[in-house]
Amino acid sequence: MKKLIVLVSAVIASATLAFAQDLEKASNLAKEANESLVNGDFKLAIDSFKAAWNEAANSTEEAAEELVATCKKGYTMANNALANAYAKEGKLEEAIEQYVATAKIAVENGEEEIAQKAEEKVDQLHQAIAGAKMKAASTAKDAAAKAEEYKSALEHLEAVLAKNPEMGKLVLQKGQVLNALGKKEAAIEAFEKAAGLGQEANANKQLSTIYLKDANALNKAQKYKEAVEAALKSASYAPSANAYKIAGIASQKAGDIKGAMENLQKYLEVAPDAADAAQMKAAIEAFKAQLNK
C-alpha cells in the first residue's frame with residue numbers, strides 16, 4: 001500500500017509541471033485525494049479521486065490522460081483501503097459490501113490483482129460471519145433468536161458456496177445449520193455431499209445422529225419396523241451401541257426374533273462392558289432357545 005501511495009503521489013507531482021491552466025483544478029483535487037489516502041480519510045480520498053478523474057477526463061490536454069490513469073489507480077486503492085478499515089474495525093457486513101464494490105471497480109480499472117484479493121476477502125468474511133452466527137445460535141436461549149442466527153449463518157455460507165460449491169467444510173457446516181433449522185432432508189443431502197468432498201468422518205457422524213434420533217422417535221411411537229430401519233441406517237454411517245440396542249429391542253417388539261438376537265449381539269460387540277450386558281446376554285440366549293424350538 002505504501003509503495004502505491006508513493007507512486008500516486010510521485011505521478012501527480014511530476015504531471016503537474018506539464019498541466020495547463022484548465023487542469024489545475026484536477027491536479028489540486030488529485031493532490032488532496034492522495035493526502036487523504038495517506039492520512040487515512042478514505043471516504044474523502046474516494047470522493048476526491050473521483051472528482052479529479054472527472055475533471056481530468058473532460059480536458060483535452062495531453063497530460064490529462066496520465067492524470068486520469070493515476071486517479072483511477074488512486075480511486076481503486078482508496079476503495080480497497082476503506083474495505084480494509086471496515087474489516088479491521090470489525091464492521092464485517094460493511095466490509096463485505098465495500099470489498100464487492102472494490103472488486104468491481106478494480107476490474108473496470110484494470111487492477112486485476114486488487115480485484116482478486118478483494119473477492120478472496122469477501123469469501124473469508126462470509127465464512128467468519130457464518131462461524132460467529134453458528135456460535136451465537138448454539139448459545140442462544142430464545143428459540144426465535146437461535147433460528148435467526150442460524151438463518152443468517154446459512155445466508156453467508158450459501159454466498160460462498162454459490163461461487164465455490166466444492167468446499168467440503170462449508171457444505172458440512174451448511175448441513176449442520178439446515179439440521180438445526182429442522183430441514184432434515186436438505187441437511188442429509190448436504191452431509192452426503194460433504195462426505196464426498198473430504199468430510200466423510202464428520203458427515204457420517206452427523207448422518208448417524210440424525211437417523212438415531214429418528215429411530216428413538218419411531219420406537220416411542222411404536223412404529224417398530226420403521227425404528228429398526230432407522231437404527232440400522234444410523235449404524236451404517238457410524239456403528240453405535242445405541243443404534244444396535246434400539247434395533248434389537250424394536251425387532252423383538254416387531255416379532256423379528258432373529259433380528260432382535262443379531263442386533264443385540266452387535267450391541268454387545270460395540271459395548272461389551274455395558275451396564276446391561278448381562279441382561280442382554282440372557283435375552284440373546286432366550287432368543288436362541290426360541291428359534292431352536
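User: Buried means under 20% relative accessible area, exposed over 50%, and partly exposed in between; what is the relative accessible area of Glu55 in this model?

Analyst: The model is a predicted one, and the class of Glu55 follows from where its computed value falls between the two cut-offs of 20% and 50%. Glu55 counts as partly exposed, because its relative accessible area is 29%.

User: Which residue meets the side chain of Glu55 in a salt bridge, and which helix holds that residue?

Analyst: The side chain of Glu55 meets that of Lys25 in a salt bridge, with a distance of 3.5 Å from N to O. Glu55 itself lies in helix H3 (residues 42-57), so its pairing with Lys25 ties together parts that are 30 residues apart in sequence. Lys25 is exposed, since its relative accessible area is 52% and the cut-off for exposed is over 50%. The partner is therefore Lys25, in helix H2.

User: How far does helix H2 reach from its first C-alpha to its last?

Analyst: Helix H2 covers residues 24-39, which makes 16 residues, and at 1.5 Å a residue a span of 22 Å is expected. The span in the model is close to that expectation, at 23 Å.

User: Which residues of H2 are buried, and which residue just after H2 takes a positive phi?

Analyst: The buried residues of H2 are Ala26, Ser27, Leu29, Ala30, Ala33, Asn34, Ser36 and Leu37. Just after H2, a positive phi of about 85 degrees is taken by Gly40.

User: Is Asp123, which forms a salt bridge with Lys163, buried or exposed?

Analyst: The closest N and O atoms of Asp123 and Lys163 are 2.9 Å apart. The pair links distant parts of the chain, 40 residues apart, with Asp123 in helix H6 (residues 112-139) and Lys163 in the loop between helix H7 (143-161) and helix H8 (168-180). Lys163 counts as partly exposed at 46% relative accessibility, whereas Asp123, at 14%, counts as buried.

User: Which helix holds both Lys288 and Glu285?

Analyst: Lys288 and Glu285 form a salt bridge, their closest N and O atoms being 3.7 Å apart, and they counts as partly exposed at 33% for Lys288 and 47% for Glu285. An α-helix has 3.6 residues a turn, so residues three or four places apart point the same way. Lys288 and Glu285 are 3 residues apart, about one turn, and both lie in helix H13.

User: How many salt bridges does the structure hold?

Analyst: Side chains of opposite charge can pair when their charged atoms come close. Among the salt bridges are Glu55 with Lys25 and Asp123 with Lys163. The structure's total is 11.

Key. Residues numbered from 1 in each chain as written. Predicted model: local features only at pLDDT ≥ 70, side-chain atom pairs only at ≥ 80, totals over all residues. Heavy atoms only, no water. Helix = DSSP H or I, 4+ residues; strand = E, 2+ residues; numbered from the N terminus. Expected span 1.5 Å × (residues − 1). Buried < 20%, exposed > 50% of the residue type's maximum accessible area, 1.4 Å probe, protein only. Salt bridge = Lys/Arg side-chain N within 4 Å of Asp/Glu carboxyl O.
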